[in-house]
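Colleague: Could we go through the nonpolar parts of this model together, beginning at the surface and then going inside?

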Amino acid sequence: MTKNQIEKFLKENEFDIQSANAALTLCFLVFNAYKNSRKVTGVNFSPIFSCNSYIRKQDNSFYQITPKDSMVNMADKLYADYLRDKKSLDAVIKKHLQLTEEIKEIWQEYEKNKNQSINQRLLEFFNKFIKTSEEWWYYGVMMEDKGEIIVRKIIPEFAERHKLDIGKASEIFNVLSHPREKSIFNAERKDFLDICLIILADKRLLKFLSQNNHAGLLKNSKLKPKINHYIHGYFWIKTDYSHAEIITPELILNSIKKEI
């Protein structure tokens, strides 16, 4: 598209705009995959626009600007395919999981040989990793609708089928479709608060916390295993699309002190 075509397109269409702390390298991989996602979805998701924010110094916000029509078309196609063939969604999920395993295997192979890697081998690893990751991201575009099709199409159909008003249909549908499992973020919050409760129940531990005596806290036989369990389960909790922050016992204890 030329500059004039882009300007005209931006003025004449409605967009979904999202932002996140992100690095250009990763975003390029994602957007390039989205641009070519029709290879697996059959729907053209282009054009997607992106930009960095320069409003504040050291602001690393990266903006994704997507035409709403693209998301609507994607969601409608996914839903129509499912109505025609209930196994179509299972096939999509299966392929995505298969690609996830392939990425793990590529990384494990790299970890096994990284000490003896030469430049050529590193290049081969990088190309293979990027190619598989890009294919993995093809499937990410399917989730960009963020469930709006439920409100826009599925609930109205549900209401009409069962002779209900939209409000009642929404209430019933939310109950019927609510997952039995806790979300990962709810599980993380519960585990974090469990550690807080151990400290709150022990005056000695509270004193250690107020004094920033992390060594004293980590000697506690109840507290240390809980913190280790938390780190093992949620090592990724402060990682975003730009950088990774290592979760340490000290970081958790500082967060607990603020919480309490």
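Colleague: Which residues make the nonpolar surface patch of about 430 Å²?

Modeller: This is a predicted model, in which local features need pLDDT of at least 70 and side-chain atom pairs pLDDT 80 or more, while totals for chains, interfaces and linings use all residues. Residues are numbered from 1 along each chain as its sequence is written, and side-chain values use heavy atoms, leaving out hydrogens and water. A patch joins residues with over 30% relative accessible area and no salt bridge (Lys or Arg side-chain nitrogen within 4 Å of an Asp or Glu carboxyl oxygen), nonpolar side chains being linked within 5 Å, with areas from the Shrake-Rupley method and a 1.4 Å probe. The residues making this patch are Y82, L83, L89, I93 and L97.

Colleague: Which helix gives the largest share of the nonpolar patch?

Modeller: Helices here are DSSP runs of H or I with at least four residues, numbered from the N terminus. Both α4 (68-84) and α5 (88-113) supply at least two residues of the patch, and L83 lies in α4. The largest share, three residues, comes from α5.

Colleague: Is L83 buried, partly exposed or exposed?

Modeller: Buried means under 20% relative accessible area and exposed over 50%, with partly exposed in between. Because L83 has a relative accessible area of 47%, it is partly exposed.

Colleague: How many residues has the largest nonpolar core?

Modeller: Such a core is a set of buried Ala, Val, Leu, Ile, Met, Phe, Trp, Tyr and Cys residues joined through side-chain atoms within 4.5 Å. I199, L217, I227 and I256 have the most contacts inside the largest one, whose size is 21 residues.

Definitions and conventions: Patches are made of residues with over 30% relative accessible area and no salt bridge: like charges are joined within 9 Å, nonpolar side chains (Val, Leu, Ile, Met, Phe, Trp, Tyr) within 5 Å. Buried means under 20% relative accessible area, exposed over 50%, partly exposed in between (1.4 Å probe, protein chains only).
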